[in-house]
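Me: Hi! I'm new to this one and would like a hand finding my way around. Could you put it up so we can talk it through?

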Amino acid sequence: MSGAALTIKDDLKINDVQVEILVGIINLYSLVGSAAAGRTSDWIGRRYTIVVASAIFFIGALLMGFATNYAFLMFGRFVAGIGVGYALMIAPVYTAELAPAASRGFLTSFPEVFINSGVLLGYVSNYAFSKFSTHLGWRLMLGVSAIPSVFLAFGVLAMPESPRWLVLQGRLGDAKRVLEKTSNSKEEADLRLADIKEAAGIHQDSTGEIVSVPKRSHGEGVWRELLRPTPAVRRVLIAAIGIHFFQQASGIDAVVLYSPRIFEKAGIHKKNDKLLATIAVGFAKTLFILVATFFLDKVGRRPLLLSSVAGMIISLSGLAIGLTIIDHSDRKLIWAIALSVTTILSFVASFSIGMGPIAWVYSSEVLPLKLRAQGAGIGVAVNRTTSGVISMTFLSLTRAITTGGAFFLFAGIATVAFVFFYTFLPETQGKSLEEMDALFNDFKWKSSMRRRSSKEDVYGNGNGNTNGRIQLEAT
């Protein structure tokens, strides 16, 4: 949308406020999808919910591509937004529930990898389609996004269903077969199944293909438990909601969606140069998210997250300083332009190496089994609401306090985020999903790093070779 917005404004003759609403409203529309996705996934399963998300987004993309006016385009954004909400909620939940503990961070970060790959492809398509007429170019930019949803829908049909969802339906036989395919050994599969049965309230002696499930495991009372949580669940909810809020409040979507305008403020005025610069943003974002996937299960969540946020604070501060100097200078300052461009790239790189993927990995793995779908939906709702507010007010904010001032504000928010993460989020590396309740009950931030170090001495460094022993610890 960043590149399309440039030509949509000219073609449909809309003002900056309408551009802000058009760009950011999809995040608020996605709340409808994220609110419905939790219940839908509990009803038809995680896998078919992804198919539903793909179908909805396919329709939305076509509507945007064929839009004839602003109202038609907004309706297409509404439909696509519902699909986005479904996908953002269900993709990390499905991956976290399917993956073994030793590789859960690597695999659960994959949705973020492909989101960033999509952003990069979007920037490239913006540049390619900018060669077409104003009337046609932006419609191709938006309509072509229907193609990936087709591949996603058919691809996920070849994947197994979540074993945790299958257990909640009493389908132990199907769950066991999926776990045997996705575990390193039969013993590990049996341990994972025992943990899931315990979390679902199914007696360990129940070994049939299909067994009866306690009524509450079908989803009844979930919202009651979320609204009146135990102390451990309350901490989990604060952690999950907090990480989603700070992920977006630090301004990442302002950079992703308005990068051509930011580059213009930095002194890059030619349209082609601005679009090429946005491709560099997409490339940096995608490259460093790939780096993050290989370190999540080796380094751990906390070190990567804290390093990421520290880099974001430095980058945002540097960007704010560079833009402020450019704004108050009467002549072209090459060093200030270079500082601004460099810090934009370092900001998205820092974001992608930690904050980007870990928000989804962490929130999907810490929620208890019975509350995971609806709890993840709440996290997505906070994420999308914050993103919507940022993207729908960024241009107005820059007019009120200047572009440099906006990034000083984001740097301050990122600083608060660092303090929150350092004091409130325990390390989850190597833990099974069923161990999270005890982890949040026992967490004390001052001793977190010391405990993690001592566990590595006993159990290994989280490289996947000690998964059996880690799982056994919970039994």
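Me: Which residues in helix 15 meet helix 17?
Reply: Happy to help, and keep in mind that this is a predicted model. On the helix 15 side they are A280, V281, A284, K285, F288, I289, V291, A292 and L296. They meet I344, L345, V348, A349, F351, S352, I353, P357, I358 and V361 in helix 17.

Me: How do those divide by class?
Reply: The contact of helix 15 with helix 17 has 17 nonpolar residues, one polar and one charged.

Me: And at what angle do the two axes cross?
Reply: Roughly 45 degrees, with the axes coming within 8 Å. That makes helix 15 oblique to helix 17, and their crossing is right-handed.

Me: New topic: how do helix 14 and helix 15 run relative to each other, parallel or antiparallel?
Reply: Their axes cross at roughly 150 degrees, and over 145 counts as roughly antiparallel, so that is the label for helix 14 and helix 15. Helix 14 covers residues 252-265 and helix 15 covers residues 271-299.

Me: Which residues make that contact?
Reply: Helix 14 brings I252, V256, S259, P260, F263 and E264, while helix 15 brings K274, A277, T278, V281 and K285. By class, six are nonpolar, two polar and three charged.

Me: Where is the kink in helix 15?
Reply: It is centred on T293 and amounts to about 30 degrees.

Me: What follows helix 15?
Reply: G300 does, and its phi is positive, near 105 degrees.

Key. Residues are numbered from 1 along each chain as its sequence is written. This is a predicted model: local features need pLDDT of at least 70, side-chain atom pairs count only at pLDDT 80 or more; totals for chains, interfaces and linings use all residues. Side-chain values use heavy atoms; hydrogens and water are left out. Axes are lines fitted to C-alpha atoms, for helices over the stretch in contact, and angles run from 0 to 180 degrees between N-to-C directions. Helices (H or I, at least four residues) and strands (E, at least two) are DSSP runs, numbered from the N terminus. Angles under 35 degrees count as roughly parallel, over 145 as roughly antiparallel, 65 to 115 as roughly perpendicular and the rest as oblique. Contact means heavy atoms within 4.5 Å. Ala, Val, Leu, Ile, Met, Phe, Trp, Tyr, Cys and Pro count as nonpolar, Asp, Glu, Lys and Arg as charged, and the others, Gly among them, as polar. The bend at a residue is the angle between axes fitted to the seven residues ending there and the seven starting there. A crossing is left-handed if the near helix is turned anticlockwise from the far one by less than a right angle, and right-handed if clockwise.
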